[in-house]
Amino acid sequence: MTDLGTGTIYTETVVYSPPEAYVNDVPYQLAIVELAGGRRVTGRVSGERAQIGDRVQFFEFRNNVPFFKKQS
Amino acid sequence: MRPVAVAGIGKTAFGAFPDRDLRSLAVEAGLKALENGHVSASQVEAFYLGNFAGPSFTGQNHLAPYISAAMGIHGVPATRFEAACASSGSAFFHAVSAVAAGLYDMVLVAGVEKMTSQPTPKVTEILAGAGDLCGEVRAGATFPALFAMIARRHMHQYGTTREQLAAVAVKNHQNGAKNPLAHMRKVITMEQALAGKPIAEPLTVYDCSLISDGAAAVLIMPLERARDFTDQPVRVLGIAQTSDNVALDEKDDITTFRAVKTSAGKAYRMAGVQAGDIQFAEVHDCFTIAEIIAIEDLGFVAKGEGGPYSLAGGTCLHGERPVNASGGLKSKGHPVGATGVGQICDVVEQIRGQAGERQVKRNTLGLAQNLGGSGATSVITILGAA
């Protein structure tokens, strides 16, 4: 899998009412991240909560889902 | 193209009905619409059904003939249309197109959904099937989550507030409390709406429409034929369906629904009217933010003004331009596949002057906006007194 590098939070939410597959994950932060070049992907943000405009760093794919962390 | 009119309407109550199955709901609405239009089942020349996920919710497939045969409609085309929450809006669009083109003179269009037989996480998962399963949904997006991300961005770009979102819910519950067929006939306060249980930030349970069972149906005919069956035919002045990307992350600007703008533009042109001429509307408030964006995309207010206009009461029952006098999806309920045709029924009732306590004053030109998914399908219908 490719390294998605860094990106900016375009929008985000924290989900409390999950689909059946993710009942054990809640609450979790979901975000649309704008990558270098402008492409957007939907993924998860782990750890510290990120807001619109925050810079985030890709760190891994889990089941083809990109996970990001807020850059300090 | 021949002018087309609605000659009969029929609705079930919307709600949670553990003792009712999908077919019985659709049959009830369909037979009511035929009775309302003084037509017998044997006169129906085609049956169009809107249903989003009957096979997933109930296991039953091949739904259109399953339902039409139970109404006594035989030997004619019976077809199901699926376009997420715009399923029956889409069925109506295609039925109107066929009657306008001269293919049929008498068509029954129904919408139905039976949702409450499944627990909420399962319903959430089935509904998420209207999103992109290979991207956003796999990452954990639910429909509340997608509209929460839309709301966040709208708040960021236009300064829309939680109070403005809550004002939509308070208003729609006020209207729905007056609707005998509504799912949740209860008035809520601004304080309650703001303090609701979080579903997907910034949306609380009071920002979300309801999980409901229900059905709605309309009988359509060429306008001239409809005059033989009813003193109050309601004419379809303009109608359009358009599409856009399914995945939210593929849309350039998520604070607007491109398909709503394009379909509204086409419908306005067909009807020969402008946004400012529309006197009242039923819009697709699957979430409070969706109503705010709808009134912007329909051109009722400038972009970014949907929130302030809603909080100021412009869309209230006796406001400048009543929106969702029925209670909307928020209070009336949202049996997904029934919603589009249900909206048509509600606009027709207003134009006929039959909306009781919910009656709007200026009632000769109304609009229905039915949205599928996070904006991948939009159907706009403009109806007027004939």
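Which residue forms a salt bridge with Arg152(B)? To find out, select Arg152(B) in this predicted model and display its side chain. The partner is Glu201(B), and the closest N and O atoms of the pair lie 3.5 Å apart. This contact links distant parts of the chain, the two residues being 49 positions apart. Arg152(B) belongs to helix α6 (residues 143–158) of chain B, whereas Glu201(B) sits in the loop between β5 (198–200) and β6 (203–204) of chain B. With a surface shown, note that both Arg152(B) and Glu201(B) are buried.

Next, select helix α1 (residues 22–36) of chain B, where Glu28(B) and Lys32(B) are found. Their side chains meet in a salt bridge, with an N to O distance of 2.9 Å. The two residues are 4 positions apart in the helix, so about one helical turn separates them. Lys32(B) is partly exposed, its relative accessible area being 35%; Glu28(B) is also partly exposed, at 24%.

Then move to Asp297(B) and Lys303(B), which form a salt bridge with their closest N and O atoms 3.8 Å apart. Asp297(B) has a relative accessible area of 6% and is therefore buried, the cut-off being under 20%. Lys303(B), by contrast, is partly exposed, with 29% relative accessibility.

For the next stop, select Lys11(B), Lys332(B), Asp346(B), Glu349(B) and Arg358(B) together. Salt bridges with shared partners join these five residues of chain B into one network.

Finally, return to the full view: over all chains, a search of the whole structure finds 24 salt bridges.

Notes: Residues numbered from 1 in each chain as written. Chains lettered and ligands numbered in written order. Predicted model: local features only at pLDDT ≥ 70, side-chain atom pairs only at ≥ 80, totals over all residues. Heavy atoms only, no water. Salt bridge = Lys/Arg side-chain N within 4 Å of Asp/Glu carboxyl O. Buried < 20%, exposed > 50% of the residue type's maximum accessible area, 1.4 Å probe, protein only.
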